[in-house]
Amino acid sequence: MADGGAAAETVAVENREWYIAGYAPNGLPNSNHLKLRTVNFSLTDNSIPDGNVAIIILYISIDPYLRTQFSGLGDGLSLPQVPINQVIRANAIGKVIRSQNTNFSEGDIVTTYMFPVAEFCVMPINWLQKINPTIGITLPDYLSCLGVPGLTAWVGIEKIGKVKEGSNVYISAAAGGVGIIAGQLAKLKGCRVVGSVGSDEKVKLLKEESGYDDAFNYRVETDYEAALNKYFPDGIDFYFDNVGGKMLEAVLNHVNQGARISLCGMISEYNKVWTERRGVRNLLNVVGKEVTMQGFMVGSYVNYFEDFRKEMEVYLKEGKVKSKHKIYDGIERFLESLTSLFSSSNVGKVIIQVTP
């Protein structure tokens, strides 16, 4: 802030924001593609249009789909590319510091998936949803269990997987923001749940803290066919796919008759142009075993959000679902936190705390 005082008492502040400097069709994005700049941000009333509010951003959700917004390619996700020199946008939580609408007051906590990756912003109120934190639920929980990752996990398990008690459930990228929640939801349904992860530390986490029946390190057990034979001797009834590629192909050799597969994300393929991505050669198994394989975008299920929220709040308060966060401090760590998603360094939901 300009004077170190409260944001609502200042006339102007310096606002740091991340923008697209160039598209990155291959490999991990770097400082040639994403850059941090400082701009002036006015807090005078006449700088905020009617029906808008000025916001100081508190937490930003870091998700793999952000990578697809600046690939410069058509990636099949129907997400528009961010124009060059424009600020990238993400799901986040902020606090109202100026309001030009009677329904929003200074101090209100709000969220939207359209926040800029920045420290301050002005937003129209019809883009915002208020948050009223309750005892036992932290603000980061609203970006994980009660946010897009939680809704994604719930849709995959509840609406697409339609899992039943006794089902054999497999979840890839199981210690990530979505996978760690999906596994716990499947356990609450009475399923046997196994996950794959990229480190022995994550295997231990899933088994000891997240209730998974078993888990394996795919960097150690690199023969996926042998691994799935070992962990699913009775076959797979439901697969929650977060990685695609080689793992999806292996799963199709181990699915049971009538199995269901939800295609949530394909993180193993995001940093490649589509012609270099691994094709799946055994799709005939989908026909022979009458498998239902459905891709989904969570935005198509927002009409279920209230049902999901009520259910998840109960689970959180009763300790039946536990969140796991990796929190980076400071807006300057956005690029670092984003690229970390494509390594084995993070456990749980990756979040930036922008403002203490």
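This is a short selection-by-selection tour of a predicted model.

**Stop 1: the whole chain**

Select the protein chain and colour by secondary structure. You have 8 helices and 15 strands on screen. Turn to the principal axes: the C-alpha atoms fill a box of roughly 65 × 45 × 35 Å. The radius of gyration is 21 Å, which agrees with the value near 21 Å for a compact globule, because the chain has 356 residues.

Now switch on a contact map. Take contacts with a separation of 6 or more: 68% of them join residues 24 or more positions apart.

**Stop 2: surface and charge**

Show the accessible surface. The total is about 15600 Å². Carbon and sulfur atoms own 49% of that area. Colour by burial next: 52% of the 356 residues are buried.

Then pick out the charges. There are 35 positive and 38 negative ones. Their mean positions lie 3 Å apart.

**Stop 3: T112**

Select strand β5, residues 109-116, and find T112 within the strand. Is T112 buried or exposed? T112 counts as buried because its relative accessible area is 5%, under the 20% cut-off.

What does T112 touch, beyond its neighbours within four places in sequence? Select A90, N91 and A92, then add M123, W127 and L128; T112 is in contact with these residues. 

Stay on the side chain of T112. Draw a distance to the backbone nitrogen of M114: the side chain reaches that atom at 3.2 Å. One further distance is worth drawing, from C-alpha to C-alpha. T112 and R89 are 23 residues apart along the chain, and these two atoms are separated by 9.9 Å.

**Stop 4: N85**

Move to the loop between β3 (52-62) and β4 (89-99), where N85 sits. Check the backbone torsion there. Phi of N85 is near 75°, a positive value in a residue other than glycine. With a relative accessible area of 45%, N85 is partly exposed.

**Stop 5: K162**

Go on to the loop that runs between α1 (148-161) and β8 (168-171), and select K162. What is the phi of K162 near? The angle is near 45°, again positive in a residue other than glycine. Why is K162 classed as partly exposed? Its relative accessible area is 49%, and partly exposed covers the range between the 20% and 50% cut-offs.

**Last view**

Keep T112, N85 and K162 displayed together. T112 is buried in the model, N85 is partly exposed, and K162 is partly exposed.

Definitions and conventions:
Residues numbered from 1 in each chain as written. Predicted model: local features only at pLDDT ≥ 70, side-chain atom pairs only at ≥ 80, totals over all residues. Heavy atoms only, no water. Helix = DSSP H or I, 4+ residues; strand = E, 2+ residues; numbered from the N terminus. Rg over C-alpha atoms; globule rule 2.2 N^0.38 Å. Buried < 20%, exposed > 50% of the residue type's maximum accessible area, 1.4 Å probe, protein only. Contact = heavy atoms within 4.5 Å. Areas by Shrake-Rupley, 256 points an atom, 1.4 Å probe, with all protein chains shown as cover. Lys, Arg positive; Asp, Glu negative; His and termini not counted. Charge placed at Lys NZ, Arg CZ, Asp CG, Glu CD. Polar contact = N/O pair within 3.5 Å; in protein donor to acceptor, adjacent residues only side chain to side chain.
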